[in-house]
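This report looks at the surface of one protein chain and then at the chain as a whole. Please keep the model in view while reading.

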Amino acid sequence: MFFLPGVDEIGHDVLPARTNKSIHVKARPRRRTTYKTNINYQVIALQDKPESICDTSTLCCVTVHGVYPTLTVQDIRATGSAETYSKVQLWNLFSLESFNSVLDSDPQPVEAMSSAATRYSDRRRKPVSTRAVVGFAFGSAGCGSRSTVFYLSLLNSGSVPAEWTFLFPNDLQLELEYWAETGEYSSEELQQMQTIGHHLFSVEPSSGTLAAGHSQTVILRYKHSIVGINRLPVLFKITRGREVLLNFSGVTVKADQPFVQFSSNNFMFAPVPVGLATPPIQDYAFYNGGSVNATYEIDLTPLDELHKENYGCEIFTCLNPTGTIAPGKTALIHWVFEPLEAKTYIIDIPIRILGCETSLVTFTGIGYDDRVMGKTLYLGQHIVDIPTRQIASVGSQLSSLSEERLHLGLVPLRTKKTRVIFLSNNHSEHTISYRWILEDSPEQNVVEIHPQYGIIKPRGDVVLKISFFSSGSPSLHDIDLMCEITDETLMDVYNTKLQEWSALQEEQRHTFTITEKDIAEETMKKSARKDEAMKRLSKSEGDLKKFAALPPIGSGKARNRARSGNENAKSSQVPVAPKPFSLHLSVTAQTLEAGDVQIDRDMLAITSALMRKHTVRNNSETETSVTTSSRDELRVVTEALSVVLRGLLDDENFHADIQSLAEEPIPYFRQYQTVDNAPRTSSVGFFDEMDLDVMHPNLKNIPIVTICPNTPTVESLSSPNDVFEQIFPEQDVNLVTNEIRSSSEFATLAEEVLENTICNLMWEANLGEVNLTTRPRVIALPPSRGKTNL
């Protein structure tokens, strides 16, 4: 294991007097572990006593750490046809969690011995000396779509340089003579040759060397030019390290055919305790990679059989078994897993896609006893370890988010959580605009982004406030929000070219040009033809020339026609608008009842008031139960409302009243009414009367205030306390003030003011107007001087 060069086999060496010598130690570790040993020495001969031997002494202690070159994929991005994939979907498509675990493990002895230069073979099916196999799925898109481009960020997580390479089958093939080729090619080999010949898959760069702690972005492309499922085995080799077989696969579908891509054929629900009153709603997602809508239908027959086996109790419940998926969108199938016993439930569910084959997906759920495992199981234990910030660099990326994944953790129902992130413009010259796509999406009922759209100047930033509202039933949320980024500078150039092109087309449609040059050329040609005809008639056969020059290959008219055609083609080219860039923001949270999580009750009351204005978002279940009616009743109501609305649209008086309402000033005088004109009203007008008895019963003791003609106005009083003394002559002012301050409405108002204040401070700090880390300025006042007695 350890070697001392320069020392003989017995370990003897000679050290002359008054000299020193360096000892070189070589270590050859066999495993990735820590080795430790002591180097001892012993003086066996002295000048005055040659036969004397001294005791053994320790020279030094040598510690060696055995390591292998290791790499880690720390981030992934996608553009082209795969820009609609979320970060979680990309992580699952490339199985990066399994890939990183394989790269972190110890290589086999055969893998560590060979290098990329010794992996050639003369066989058609290349031999593989590793058992590590990982699938890289490049997604699906229609034929002729933009190429799918993925950006992988490789990091050298070890302490030694790592040399890596992607080896395609043709890189490992030895070229043989024609006579040495034997046998016929199989269909798999022909398909592989077709994939390599059309360069469907490409990696750039295909090899490199990374120093310890350094990273590099690798670009992987897949072209959608051949319809079908294209596969290619690629060997990823780290010199003296791991060797992984990567199965590249990409799907190209026809233009009028849907294709549903399942994230996995095996889905495991989050563990749920037995006897939970409100089990959470969990989602299973699949993606439509085609160019047309896809209709799915889930066969629930296996669920009925499982329910019969469990005494008629519903273990798995599917909330939306049918639906339609738009092209490039992801469908979420909502499931409720409610275990009856502390065991594992496994069921196979067929999913039918209209126009495609039926797929079989295995769902697994684990029920546990909360008395043993605890009352709740935190969602963070089921979240894949995905970086929260962007690491992989994309060359054409104009903007970036300060955080791409927000983990909110446990959120009680009827509460609100807010996070603040930054959206930055990375370009130094171009102005960009952003727009969050939330319209007509399920995410609009749960997440709110402010501002939802805007413009960012070069090298500028904008503060985004992300608000999550927990309402409805307990659920496990993994929401993907998409932001569309547009280069406004290029858009202005495009609009200018489009106006010029439209004006040119309009001009060519109604005008044409005749020049004098065309008339002169036509006249000269006619006269030349006439002179040639006269010469032929006047000349005899003897006068004919022996040789005559050949006419030009292309006449001047043809050349002019071709030139004018090219000019027209150039002028008829329609300007192409710049394509927007997409950013993804993931929000994960677990909503549950307030009794299932430890939370401050006062804070729960405050945040519940915040949710009142958002309760309309997810009240579809209660609305359907209240407004149930027959089909005939629905038709009558619809026709009646249509007649009323149509009449209002044609009524000019109604239009005039609407316009006058917008110009009418706010009626502040209605807040104070006299005894003769109106009934008595409460002074605490901003309280919601419906919630007074529920939230704060003590507010019923606040007296009713009436304004008399001789009541003093606010301007005539010196302070707010005087106002309370005049309005509440018999009540304690402090009691009323405390009641108001303890109300949820006042707390809501204070929280919103404080929230906006913090957002403004962060925005000013981002612009450099405020430095939050500097020491507060202290102003020293002069000492007070006592009065001197004169």
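E338 is partly exposed in this predicted model, because its relative accessible area is 36% and partly exposed covers values that are neither under 20% nor over 50%. The residue sits in the loop between β21 (330-337) and β22 (344-353). E338 also belongs to a negative surface patch, together with D304, E305, E309 and E314.

A second patch is nonpolar and covers about 710 Å². Its members are V637, L641, V644, L645, L648, F654, I658 and L661. Two elements, α13 (631-650) and α14 (652-663), each give two or more residues to this nonpolar patch. Which element gives the most? Helix α13 does, with five residues.

L661 lies in helix α14. Is L661 buried or exposed? L661 has a relative accessible area of 55%, and exposed means over 50%, so L661 counts as exposed.

The two residues discussed above are set side by side here.

| Residue | Location | Relative accessible area | Class |
|---|---|---|---|
| E338 | loop between β21 and β22 | 36% | partly exposed |
| L661 | helix α14 | 55% | exposed |

Now to the whole chain. The secondary structure amounts to 18 helices and 32 strands. Of the 790 residues in the chain, 33% are buried. The chain exposes about 51200 Å², and carbon and sulfur atoms supply 54% of that area. Among contacts between residues at least 6 apart in sequence, 75% join residues at least 24 apart.

Key:
Residues numbered from 1 in each chain as written. Predicted model: local features only at pLDDT ≥ 70, side-chain atom pairs only at ≥ 80, totals over all residues. Heavy atoms only, no water. Patch = residues over 30% accessible without salt bridge, like charges linked within 9 Å, V, L, I, M, F, W, Y side chains within 5 Å. Areas by Shrake-Rupley, 256 points an atom, 1.4 Å probe, with all protein chains shown as cover. Salt bridge = Lys/Arg side-chain N within 4 Å of Asp/Glu carboxyl O. Lys, Arg positive; Asp, Glu negative; His and termini not counted. Charge placed at Lys NZ, Arg CZ, Asp CG, Glu CD. Helix = DSSP H or I, 4+ residues; strand = E, 2+ residues; numbered from the N terminus. Buried < 20%, exposed > 50% of the residue type's maximum accessible area, 1.4 Å probe, protein only. Contact = heavy atoms within 4.5 Å.
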